[in-house]
Amino acid sequence: MEHRDDIGAKLGMWVFIFTEILLFGGLFLVYAIMRSAYSTEFHQAAHHLNAFIGSINTVVLLLSSATVAMSITAVQKGNNKLAVILLFITLLCAAVFMVNKYFEWGHKIHIGLYPGSDLMLTLSHGQVMFFSLYFFMTGLHMFHLVVGGIILTIVMLKVQRGTINAGHYVLLENGGLYWHLVDLIWIFLFPLLYLIT
Amino acid sequence: MTEAKTHHPEPSYLVDTGKYKGLMAWLTSTDHKRIGLMYMYAMMIFFSVGGLLGILMRIELFYPGQQIYGPQVYNGLFTIHGIIMIFTVVIPGLAAVFGNFSMPIMIGAKDVAFPRLNLFSFYLYVLGAAIALSSQFMGNGPPDTGWTFYAPYSIQTHTNVVAAVFGAFVLGFSSILTGLNFIVTMHRMRAPGMTFFKMPLFPWSLYATAWIQVLATPIVGITLLMVIAERWLRIGFFDPSLGGDPVLYQHLFWIYSHPAVYIMILPAMGVITEIIPTFAQKRIFGYKAIAISSLAIALVGYFVWAHHMYTSGMSTTARWVFSLLTFLVAVPSAIKVFNWVATMYKGSISMRPPFLFALGFIFLFMIGGMTGLSLGALATNVHVHDTAYVVAHFHYIVFGGVGFAFFAAIYYWYPKMYGRMYNFKMANWSFVFLFTGFNLLYFPQFIIGIMGMPRRYFDYLPQFTLGQQLSFFGAILLAIGFIIMLITLFSKKGAKAPDNPWGGRTFEWRIPSPPPLENFEVMPEMGENEEPYDYK
Amino acid sequence: METETVHITPYRAHAWVLITLLALTFLTITVTWIDLSALTVLVAMLIASVKAYIVLTYFMHLKFESSLFRVFVIMVLAIYVLVILFTLSDYLFR
């Protein structure tokens, strides 16, 4: 009875991605305004971020995006086994990203640098804004990464079971689209937060 | 129409055919018609609550000085009145009720593109409303910020702002998913032969609306999350003591909340565009102009938000830029009004209740629109900013406009929804009371607003007494009109409705009343030379 | 209703896209070592936009979808850019 419309499903996913882009768009707008008000303080504050970890995470995310994209090719060619391996690599990358973030955030919280902390109140206004934006933006990004990870886990299990196969794989495509969105946002977050020293 | 004609082998959507019976059958139904009705019932409840709160405010304002409760209660009342009316009634409003009920039928589809997502949206709506209402009973008392949650007060006040804000966030999510669903439905599920420019104009207006829902709501979503983070974590984006900027909050808030006005009014315009050709039995004048003006309103309406902020300390450049853009948005709105009037010209008009309400809409919308222009002009705005004039203006738009279109839509599609007619005489009386009451309630507010009565004030100077008292009596008439309407519609079963009681031409009038579960027994098509409004 | 023509992207294409993206990442990190003062942000955003374009086109498959998807993406980005510009009409002229 239920008719199948893969293009419709993908269109729906794209429209959802637009809402996500604008959700982060609101934050980027705040960033733009604050940055134009406090550009020197942003430069100083950015020195406290570890550009090395940021770069590693960028590479990890790009790799994970590529493996998701490849997993679609694998499913299309009927090679579900390879697709599961590729998706597993993606999830592994996500885990690496999260571990890195854990250390990054952990270190800052350890030295007392987090929104509302006493140390924060001693900093200049521009630095407060920078760190607030840093925590809010990367925090929201991490939340999306976790959601994307959950979606891809479900997708991976379906690929393994064969409910996603060469004849019917729109769920994998949509899961992939969501994952690429996470990557896309990081592409902008990374230079704006880590590379403005 | 005879009994034999309306008797169909397929049971109507009102009959439970699934696993469950009764209430559970409704709550688990993914049928777009049932979901539309559930939205309608919920909205009528919320509207009644919001209206009662409004009357409570009017009672307090009957005389200057304190009457029955203090200023803090008053602050709480106008805040929750706004939250209920804006976020749970008029924003989902016509799109959620009639977009769900009528739009899929009008484009010749069995249902929306994602029926389960549609039901999920409804539950998010209920959840969001529940969270928003819970703010009244938990924490440190009802929020007192106004429905706009302006920073920095919304960050400093000790009242329960977080619950209200989070409720609005969830309601926004529901709105986004509905918009997403409608966009995909209209792109993928139109009847064969129905190109975009053969689609009826109510779906057209919903299409424009859906894009605003999808593209504007996320901005307020993130803004509301920022307010919560401000309160819990002190991130300080809007807190001047930490280097933040309260005006930035106003920008972000209105980037959504101005387009939200078009989320409300566009479907209302769409409904009126359906009703007028039906009751004038005449082809709509300027089909393409109306269709494109919906998109134009959606697009230009996205860039006029800062006309709410002329007195916020914004730059002079921004003020004239936004004033100019505000005037631009009046053009497509006026195009619609002219087209409606031109459609009626030389039509064979039948004064049925839906048409009466549509006329009421045009009248009230014009007053609302014209006063909107005087508010969009920089110079006058500075004088009447935050006065009762503004209150009167936006009630003329959201109540006189959206509300009356909503009533018109109920009277228009009611026979299709329930397969029953209603008493026209009673319906006309409800119009008389609603229309008189409405004008008596809000027109004096224009006058005392110009005289200097500020909005959101608990107390006032003696010279405003007459105006406030007239408004009180208007509110009572309005309430009576609403009750008459509810009695007309829901007190007793009317005569059986024919398939096409008004002589309409769109698809919904070609199927039984009430429609079967999957709407069409034979999927409809649109021929090469067919048009949506081919009267004569 | 049009039906979809399946386009299978070869693995090698994905690999090349990945290599390009990594190269651009390397580039954007190295340019920060050079002091371009005011141009720094511009260059960083430019490189990020190129990367985003590549991700959208190849990973997100926009190149092989119907043109409707591309029109929508452009429309959304255009609206977002306009929102930023109109907001800046306040902040840059205070």
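Into which domains is chain C divided? Select residues 8-60 of chain C for domain 1 and residues 65-94 for domain 2; these bounds come from an automatic or database domain assignment. The C-alpha centres of the two domains of chain C lie 21 Å apart.

Before going on, note that this is a predicted model, in which local features need pLDDT of at least 70, side-chain atom pairs count only at pLDDT 80 or more, and totals for chains, interfaces and linings use all residues. Residues are numbered from 1 along each chain as its sequence is written, chains are lettered from A and ligands numbered from 1 in the order in which they are written, and side-chain values use heavy atoms, with hydrogens and water left out.

**Stop 1: chain C alone**

Show chain C as a cartoon. Chain C has three helices and zero strands, and along the sequence its pattern is α-α-α. Helices (H or I, at least four residues) and strands (E, at least two) are DSSP runs, numbered from the N terminus. Turn the chain around: its C-alpha trace spans about 55 × 35 × 10 Å along the principal axes. The radius of gyration of chain C is 18 Å, whereas a compact globule of 94 residues would have one near 12 Å. That radius is taken over C-alpha atoms, and the globule rule is 2.2 Å times the number of residues to the power 0.38.

**Stop 2: chain C against chain A**

Add chain A. Here 42 residues of chain C are in contact with 40 residues of chain A, contact meaning heavy atoms within 4.5 Å. The two chains bury about 3,900 Å² between them, 80% of it on carbon and sulfur atoms. Buried area is the accessible area (1.4 Å probe) that two parts lose on being put together, summed over both.

Which side chains form the salt bridge here? Select A:Lys10 and C:Glu65, which meet at 3.1 Å, N to O. A salt bridge is a side-chain nitrogen of Lys or Arg within 4 Å of a carboxyl oxygen of Asp or Glu. The rule finds one between chain C and chain A.

Now colour the helices of chain C that give two or more residues to the side touching chain A: H1 (11-31), H2 (39-59) and H3 (67-91). H3(C) supplies the largest share, 11 residues. By class, this side of chain C has 30 nonpolar, eight polar and four charged residues. Ala, Val, Leu, Ile, Met, Phe, Trp, Tyr, Cys and Pro count as nonpolar, Asp, Glu, Lys and Arg as charged, and the others, Gly among them, as polar.

**Stop 3: chain C against chain B**

Hide chain A and show chain B. In this interface, 22 residues of chain B are in contact with 16 residues of chain C. The buried area is about 1,700 Å², with carbon and sulfur atoms giving 73%. Select C:Arg94 and B:Asp245, whose side chains meet in a salt bridge at 3.6 Å, N to O. On the side of chain B that touches chain C, helices H9 (161-188), H10 (201-233), H11 (246-280) and H13 (316-344) each give two or more residues. H13(B) gives the largest share, five residues.

**Stop 4: inside chain B**

Finally, select B:Asp386 and B:Arg455, a salt bridge with its closest N and O atoms 3.5 Å apart. B:Asp386 is in the loop between H15 (378-384) and H16 (388-418) of chain B, and B:Arg455 is in the loop between H17 (424-451) and H18 (465-490), so the pair ties together parts 69 residues apart in sequence.
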